[in-house]
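Trainee: I would like a close look at one part of this model: the salt bridges. Please set them against the rest of the fold as you go.

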Amino acid sequence: MARMATGSKKRIRRSFTEEFKAGAVRLVLDEGKTVSQVGRDLDVSQSVVGNWVKQARADRSNGKTGLTTEERSELVKLRREGTGAATSARHSKKAAAFFARESE
């Protein structure tokens with residue numbers, strides 16, 4: 001998180017319910033308000049509201065405008081599994097090298 005002016009405190013990271021996010025998205029997509037207007041009205045960063053709207057558009061278009069929430073979750077899961085496999089392979093190589101030195 002970027003630092004604020006000297007002497008001021010960092011803003012505490014907030015979490016929002018799915019209902020709150022859906023309400024913000026509804027204001028933008030269904031009621032025609034701007035992202036910046038909704039952000040100001042709800043005291044939420046414009047970029048955060050924009051991200052919610054972008055994700056909702058992808059979900060509503062079944063992935064034609066980006067990854068759906070389901071696809072994004074699957075991608076995260078696959079990346080984690082891939083990282084685990086890479087770590088296991090690295091450990092296996094180290095073990096093989098260790099035992100090769102021991103047998104000499």
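Mentor: One definition to start. A residue counts as buried when its relative accessible area is under 20%, as exposed when it is over 50%, and as partly exposed in between. By that cut-off, 14% of the 104 residues of the chain are buried. Keep in mind that this is a predicted model.

Now the frame. The chain has 4 helices and 0 strands. Read from the N terminus, its elements run α-α-α-α.

On to the charges. Side chains of opposite charge can pair when their charged atoms come close. How many salt bridges does the structure hold? The total is 3. Take them one by one.

Start with arginine 14. Its side chain meets that of aspartate 43 in a salt bridge, at 3.9 Å from N to O. The cut-off for such a pair is 4 Å. Where do the two partners sit? Arginine 14 is in the segment before α1 (18-29), while aspartate 43 is in the loop between α2 (35-42) and α3 (46-60). These parts are 29 residues apart in sequence, so the pair ties them together. Check the cover on each partner. Arginine 14 has a relative accessible area of 38%, so it is partly exposed. Aspartate 43 is also partly exposed, with a value of 47%.

Stay with aspartate 43 for a moment. Its backbone deserves a look too. Phi is near 55 degrees there, a positive value in a residue other than glycine. So two features meet at aspartate 43: that positive phi and the salt bridge to arginine 14. Both belong to a residue in the loop between α2 and α3.

Next, the pair within a helix. Glutamate 18 forms a salt bridge with lysine 21, and their closest N and O atoms are 3.6 Å apart. Both residues lie in helix α1. They are 3 residues apart, about one turn of the helix. Their cover can be compared against the cut-offs. Glutamate 18 counts as exposed, because its relative accessibility is 56%. Lysine 21 is partly exposed, because its relative accessible area is 24%.

The remaining pair joins arginine 60 and aspartate 30. Their closest N and O atoms are 3.2 Å apart. Why does this pair tie together separate parts of the chain? Arginine 60 lies in helix α3 and aspartate 30 in the loop between α1 and α2, so the bridge links parts that are 30 residues apart in sequence. Aspartate 30 is partly exposed, at 48% relative accessible area.

Now set the bridges against the nonpolar core. In soluble globular proteins, nonpolar side chains tend to be buried together. Here the largest nonpolar core has 9 residues: Ala24, Val25, Val28, Val38, Val44, Val49, Trp52, Val53 and Ala56. The elements that give it two or more residues are α1 and α3. The largest share, 4 residues, comes from α3. Those helices appear among the bridges too. Helix α1 holds glutamate 18 and lysine 21, and helix α3 holds arginine 60.

Two backbone spacings help to place the helices. Glutamine 37 sits in helix α2. It is partly exposed, at 29% relative accessibility. Its C-alpha atom is 9.6 Å from that of leucine 27, 10 residues away along the chain. Asparagine 51 sits in helix α3. It counts as exposed, at 51%. Its C-alpha atom is 9.8 Å from that of valine 35, with their positions 16 residues apart along the chain.

Finish with charges outside the bridges. Asp59, Glu70, Glu71 and Glu74 form a negative surface patch. Residues in a salt bridge are left out of patches by definition. Which helix gives the most to the negative patch? Helix α4 (residues 69-102) does, with 3 residues. Glutamate 70 is in that helix. It is exposed, with a relative accessible area of 66%.

To recap the part you asked about. The bridge of arginine 14 and aspartate 43 ties a segment before α1 to a loop. The bridge of glutamate 18 and lysine 21 stays inside helix α1. The bridge of arginine 60 and aspartate 30 ties helix α3 to the loop between α1 and α2.

Methods. Residues are numbered from 1 along each chain as its sequence is written. This is a predicted model: local features need pLDDT of at least 70, side-chain atom pairs count only at pLDDT 80 or more; totals for chains, interfaces and linings use all residues. Side-chain values use heavy atoms; hydrogens and water are left out. Patches are made of residues with over 30% relative accessible area and no salt bridge: like charges are joined within 9 Å, nonpolar side chains (Val, Leu, Ile, Met, Phe, Trp, Tyr) within 5 Å. Accessible areas come from the Shrake-Rupley method with a 1.4 Å probe; for residues, only the protein chains shown count as cover. Lys and Arg count as positive and Asp and Glu as negative; His and the chain ends are not counted. The place of a charge is taken as NZ of Lys, CZ of Arg, CG of Asp or CD of Glu. Buried means under 20% relative accessible area, exposed over 50%, partly exposed in between (1.4 Å probe, protein chains only). A nonpolar core is a set of buried Ala, Val, Leu, Ile, Met, Phe, Trp, Tyr and Cys residues joined through side-chain atoms within 4.5 Å.
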